[in-house]
Amino acid sequence: MGKSMKPVRYAFAGIVIVAAVAGAVLFVRYRGAVNLSPKGPALAGEKSKGPAGAPVQIIEFSDFRCGACRKAEGVLSQLESDYPGKIRIVFKHFPLPNHAWSPVAHQAAECAHRGGVFWPYMQRLFQEQDKWPLGANPAQTFLVYAQELGLNPEVFAKCLVDPEVKEVVARESREGDVLKVQATPTFFINGERMVGPVALEMQAPSVIRGILGLPPPEPVTPSPGLSVLPAPMTPANPVSVDTPPAKVSDKA
Amino acid sequence: MKSYAPWFLARLFLGLIFVYAGFTKLVNPVENFQAVLAAYRLIPYAVVPALAAVSPWIELVFGTFLILGYGTRWSALALTSCSLIFVALLGWEFAATGRFPSDCGCFGTGFFRPTVPQIFFMDLANVFIGLRLFLWKNHPLSLDRWLNPA
């Protein structure tokens, strides 16, 4: 009797351990769970493009200093041209603390938004990503970009130091924190989370087609150039453009 | 027992490392870990979502088993295999690019954030520890011994 009970007792102990471990994980995971509204209404002042009533809303948390974010812009453009009039993109600031001058770049972009040229300014920041983070404060460079897009340099310079602009960047960054954004770029397509350019390229078409009631896309392989990790947000990490999706552990 | 003492500590170390690695990934959105895995050249994208969902549970469950001494030898072997896979992935990236990735995806966001080269050498040490624990036939201070007394 005692001998035949041993395997049962042993297996039971294993089940109890696994159940306890799984319970602890699920408790921690769902205790602070936050659901992003699948398709929030258009808010005044937000940085968006595409029709307000578009069936697909992509919310993008991005950092101008992150190489993976730059690569993801190409994928987003492709999605926009593949599904014209069906996608609305909303940009959210998420500068990472270990990325040099990134917060300043986001303030500059917010000022460009006030001047009505957010999207071309954003494109410029990504295009010149290898140049402006080097050396001293790039505010002067940002001013040149603004001038080239037709913005008044005096107004722009004042805006750059406006505490309200800083607060907008900080507020959107906090929104990301609440949503457990831990790497850039992070996207929410009608509430479905995707992290990094590869996931966006591989998964977004089937999610979008599902929303639009279209048949699933042909299977594809990731474009080789997109295999860029979102870079970790650790101080020990070198500040490099070609680093993986960044984590948010240092943000708090 | 006396000669086992350092190996008991090594058992705890190996178990805790994997419990921490698994737990920090599991309490955060799985998509973050997926993004890191997607950047490894050796891993086909088709298996990335499944791998990202399953591997943290393997780390957490076998790490806990090892600490408690449940199925000690096989848990040690499972974690040795995990460590070997990590060594192969990081080694391949290093061989292909001349440098380690800036984020290996080994730990989620937490207080313990070793650099990737440190993690590579820790994985090598973990392979050695895990193999030695697997070869140890009867582990003192373990549930195995309590549930199956000799």
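## Exercises on a predicted two-chain model

**Exercise 1.** Work out how H2(A) and helix H8 (residues 196-212) of chain A pack together.

*Solution.* Start with the geometry: the axes of H2(A) and H8(A) are 8 Å apart and meet at an angle of about 20 degrees. (Axes are lines fitted to C-alpha atoms, for helices over the stretch in contact, and angles run from 0 to 180 degrees between N-to-C directions.) That makes the two helices, H2(A) and H8(A), roughly parallel; angles under 35 degrees count as roughly parallel, over 145 as roughly antiparallel, 65 to 115 as roughly perpendicular and the rest as oblique. Next, the hand: H2(A) and H8(A) cross in a right-handed way. (A crossing is right-handed if the near helix is turned clockwise from the far one by less than a right angle, left-handed if anticlockwise.) Last, the residues: H2(A) brings Ala68(A), Lys71(A), Ala72(A), Val75(A) and Leu79(A), and H8(A) answers with Gly196(A), Pro197(A), Leu200(A), Glu201(A), Ala204(A) and Ile208(A). Contact here takes C-beta atoms, placed from the backbone, within 7 Å.

A word on the ground rules. This is a predicted model, where local features need pLDDT of at least 70 and side-chain atom pairs count only at pLDDT 80 or more, while totals for chains, interfaces and linings use all residues. Residues are numbered from 1 along each chain as its sequence is written, and chains are lettered from A and ligands numbered from 1 in the order in which they are written.

**Exercise 2.** Lay out the secondary structure of chain A and the strand order of its sheet.

*Solution.* Count the elements: chain A has eight helices and five strands. (These are DSSP runs, H or I of at least four residues for helices and E of at least two for strands, numbered from the N terminus.) Along the sequence they read α-β-β-α-β-α-α-α-α-α-β-β-α. Now the sheet: five strands of chain A form an open, mixed sheet in the order S1-S3-S2-S4-S5. Strands pair if DSSP finds at least two bridges between them. Strand S1 (47-49) and strand S5 (192-195) of chain A sit at the edges with a single partner strand each, so one side of each has no neighbour in the sheet. On average, neighbouring strands of this sheet are turned by 20 degrees against each other, direction ignored.

**Exercise 3.** Is strand S2 (residues 56-62) of chain A buried or exposed, and which strands pair with S2(A)?

*Solution.* Check burial first: seven of the seven residues of S2(A) are buried, so the strand is largely enclosed by the rest of the structure. (Buried takes 20 or more other C-beta atoms within 10 Å of a residue's own, exposed 12 or fewer, partly exposed in between; C-beta atoms are placed from the backbone.) Val56(A), Ile58(A), Glu60(A) and Ser62(A) point one way, while Gln57(A), Ile59(A) and Phe61(A) point the other. Then the partners: S2(A) runs parallel to strand S3 (residues 87-93) of chain A over seven bridges, with Gln57(A) partnering Arg88(A) and Phe61(A) partnering Lys92(A). Strand S4 (residues 186-189) of chain A is antiparallel to S2(A), joined by four bridges; there Glu60(A) partners Phe187(A).

**Exercise 4.** Which residues are buried on the two faces of S4(A), and how does S4(A) pair with S5(A)?

*Solution.* Take the faces one by one: Thr186(A) and Phe188(A) lie on one side, Phe187(A) and Ile189(A) on the other, and all are buried. S4(A) and S5(A) are antiparallel, with four bridges, and Phe188(A) stands opposite Arg193(A). In the hairpin of S4(A) and S5(A), two residues separate the strands, and Asn190(A) takes a positive phi near 45 degrees.

**Exercise 5.** Describe how helix H1 (residues 5-26) and helix H3 (residues 48-68) of chain B pack.

*Solution.* Same recipe. The axes of H1(B) and H3(B) are 7 Å apart, at an angle of about 150 degrees, and the helices are therefore roughly antiparallel. H1(B) passes H3(B) in a left-handed crossing. Residues that meet include Leu12(B), Phe18(B) and Phe23(B) in H1(B), and Trp57(B), Leu60(B) and Phe62(B) in H3(B).

Note on methods
Contact = placed C-beta atoms within 7 Å.
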